[in-house]
Structure formats: structure tokens, C-alpha cells
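Can you walk me through reading a protein model, one feature at a time? I'm new to this.

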Amino acid sequence: MADAPRMTETDTPVHVSEALPSWMRTPARLLSEEEMAVHERELRRESRRDRLLNSPIRHELAQDGEMSDEERILNDWMSEDVHAFRVVREWVRRWTGEAASVTRPILIISGPTGSGKTLSAAWAIAEVGGRYVRFPEVIQDHRAFSRKESMVAQERQRDEWRSKYGIRGFLVLDELGIEEEEDRDDARSALNEFFNVRQRWDQRTLVLTNKTNAELLERFQTGQYGVRTRSRINRLLITAERNEDQLSVDLKSGDMRRSSKRGGDR
Ligand SMILES: Nc1ncnc2c1ncn2[C@@H]1O[C@H](COP(=O)(O)OP(=O)(O)OP(=O)(O)O)[C@@H](O)[C@H]1O
Ligand SMILES: [Mg+2]
């Protein structure tokens with residue numbers, strides 16, 4: 001057998017593979033498919049945990065009961081019997097799955113309290129990452145945004161608004177419709193400005209509300225919410241593709257919340 005090439009002062013360098021550290025040349029052993037699958041599962045679990053725990057949506061999840069909502073999401077123990085979950089999962093799959101198609105970017109879900117809306121949104125944030133905001137916060141930000149006096153201050157507020165609400169990617173707007181009567185005007189313009197910066201097809205928006213589709217329609221028809229806002233979102237609503245008056249999906253499920261406590265203090 002010929003000797004492997006050796007480096008001498010005058011000669012060419014040693015064979016490349018010999019210049020590599022031994023662990024790069026010959027792996028101790030190859031990972032089995034099963035071990036790789038375990039590794040993949042661990043990675044997925046870690047990323048899902050990071051996305052969920054770094055989102056303020058975790059403060060909206062129940063912590064007691066047989067298992068916390070967080071555990072339910074992270075262990076993939078979501079019940080498929082819950083209408084809200086089936087709708088959200090199907091929608092997320094449409095734009096993330098292998099057969100991802102071009103699909104309208106806004107989905108509104110209407111459901112009574114405890115019907116699984118926020119938990120399903122939290123599952124989606126764990127899956128794909130995204131921002132979470134409650135409508136009262138949007139109204140508050142909008143007040144600050146519209147009350148600055150100097151042009152410079154207004155410009156700065158506008159930029160802040162854009163960078164918070166105009167992000168590409170996924171955003172959950174929770175609790176649309178819980179605003180008080182006294183916030184009516186602010187709510188109308190806040191919602192308008194919110195969708196003003198969410199018009200692109202790569203800005204996925206999930207809106208959750210206790211108002212039914214009929215109640216939402218009425219709000220737009222009576223001017224409680226802006227007519228222009230409606231015409232803007234109608235083009236982007238997945239539910240309105242075939243029927244213009246289908247602003248939201250009305251959930252069939254009832255209240256699943258027993259006496260569970262929320263995670264955050266508010
Ligand atoms: N897919 C699911 N699988 C198992 N349990 C669920 C599921 N969805 C919801 N639940 C249970 O129902 C509880 C209430 O769900 P959630 O907080 O999402 O309701 P909601 O529709 O956001 O209510 P609200 O309108 O009051 O905010 C959860 O804490 C959880 O215990
Ligand atoms: Mg909720």
C-alpha cells in the first residue's frame with residue numbers, strides 16, 4: 001500500500017483530509033433516524049417554547065386546571081374538538097404548509113367567552129411567532145399618536161405606530177369590541193389606522209372578538225366602525241372572498257372555561 005503523502009519542507013502539503021481534526025474526518029458514529037427525529041423534536045419544542053414565552057399572550061392564558069394552557073400548547077395537547085382551534089390551524093397551514101397557497105391575509109374569529117380564541121392564537125404564535133396586542137392597547141397607542149402637537153413629534157409617533165403595527169408577518173389583535181361606549185370615536189379611528197398599516201399580503205392578521213358577524217356588520221353599517229376601514233379589509237378578508245358580508249367566522253363552541261385564573265394581573 002502506498003504511503004499517504006507527507007508534508008516536507010519542499011514538498012506539497014499533506015492530503016486535505018489529514019489536515020482536518022479527527023472528529024471532522026471520521027464521526028464517532030452516525031446518528032440513527034430515530035435519534036435525528038428526537039433531536040428535531042427537541043429543537044421544535046425549544047423554538048415553540050421561546051416564541052410562546054417571549055410573547056405577552058402568555059399572560060392571557062390559564063395556569064390552573066388539570067394542565068396549564070402553556071403545557072397544553074407545548075405538549076401538543078390541544079383538543080381538535082374545539083372549533084376555534086380547527087379554524088386557526090387550518091388557516092395557519094394554508095400559509096405555512098408545504099402546499100402553501102396565496103391566501104387572503106386577514107381572518108376574524110367571532111366567539112363567546114371561553115370558546116378557545118386566545119388559546120388558539122397562542123398556539124399559532126408558538127408555531128410561527130408573531131406579535132400579540134389587545135384592542136384597548138391599540139386605542140391607547142392611537143390616542144398618543146394623534147395628540148402630539150409638533151410636526152416632528154407627530155412624525156415620530158407615526159413611525160412608532162408603523163413599527164409596532166405595520167410589521168410584516170403575523171399579528172394577533174385580541175378583544176376587538178370590548179371597548180367602552182366612551183371610547184367609541186377613538187376605537188373607530190384606531191381600527192382604521194391599524195388596518196391602514198396592515199394592507200400587505202405578507203402581513204397576516206388574526207382578529208379575535210366576542211361580537212358575532214352580524215354585530216360586526218352592524219357596527220360597520222351604522223358607522224360605529226369606519227366605512228373605509230371595511231372596504232379596505234373586505235379585499236383582504238379570507239371569509240369575504242365569496243360573500244362580502246362574511247366578515248368573520250362565527251364559532252360553534254360554547255364556554256370551556258371553568259373557574260380558571262388568568263396568568264397576568266389586569
Ligand atoms: N383547543 C383546546 N383544547 C383544550 N382546551 C381548550 C382549547 N381551547 C380552549 N380550551 C380551554 O378553554 C379555556 C378558555 O379558552 P380561551 O381563553 O382561548 O377563550 P376565549 O375564547 O379567548 O375567551 P374570551 O372571549 O373570554 O377571551 C382555556 O383556558 C382552556 O382551558
Ligand atoms: Mg380571549
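Here is a short dialogue about the model shown above.

Q: What should I know before I start?

A: This is a predicted model: local features need pLDDT of at least 70, side-chain atom pairs count only at pLDDT 80 or more, and totals for chains, interfaces and linings use all residues. Residues are numbered from 1 along each chain as its sequence is written, while chains are lettered from A and ligands numbered from 1 in the order in which they are written.

Q: What is the mean pLDDT of the protein chain?

A: pLDDT is the predictor's confidence in each residue, from 0 to 100. The protein chain has a mean of 88, with 86% of its residues at 70 or more. Now look at residues 259-266, where pLDDT stays under 50. Where pLDDT is low, the predicted coordinates should not be read in detail.

Q: How many helices and strands are there in the protein chain?

A: Both are DSSP runs, numbered from the N terminus: helices are H or I with at least four residues, strands are E with at least two. The protein chain has 11 helices and five strands.

Q: In what order do the five strands form the sheet?

A: Strands of a sheet pair through backbone hydrogen bonds, either parallel or antiparallel. Two strands count as paired if DSSP finds at least two bridges between them. In this model the sheet is open, the pairing is parallel, and the order is β2-β3-β4-β1-β5. At the edges sit β2 (131-134) and β5 (249-250), each pairing on one side only.

Q: How many bridges join β3 to β4?

A: Six bridges join this parallel pair, and L176 has T209 as its bridge partner in β4. Between the two strands, the chain passes through helix α9 (residues 184-196), and this β-α-β crossover is right-handed. Right-handed means that, with the strands pointing away from the viewer, the path from the first strand over the helix to the second runs clockwise. For β2 and β3 there are four bridges, and R131 is matched with L171 in β3. Strand β1 (residues 106-110) and β4 (residues 203-209) share five bridges, with I106 partnered by T205 in β4.

Q: How many residues of strand β3 are buried?

A: Place C-beta atoms from the backbone and count the others within 10 Å of a residue's own: 20 or more is buried, 12 or fewer is exposed, and in between is partly exposed. Strand β3 (residues 169-176) has six of its eight residues buried. Over the whole chain of 266 residues, 28% count as buried. β2 has two faces: Y132 and R134 are on the covered one, R131 and V133 on the uncovered one.

Q: Which sign does phi have in D76 and E175?

A: Most residues other than glycine have a negative phi, and most peptide bonds are trans. In D76, phi is positive, near 55 degrees, and E175 also has a positive value, near 60 degrees. D76 lies in the loop between α4 and α5 (83-96), and D76 is exposed because it has 11 C-beta neighbours inside 10 Å. E175 belongs to strand β3, and E175 is partly exposed because its count is 19.

Q: How many residues surround ligand 1?

A: A residue is near a molecule if its C-beta atom, placed from the backbone, lies within 6 Å of it. Here 20 residues surround ligand 1, and the closest are S79, T113, G116, T118 and L119. The elements giving two or more residues to this shell are α4 (69-74) and α6 (117-128). The largest share, three residues, comes from α6.

Key
Contact = placed C-beta atoms within 7 Å.
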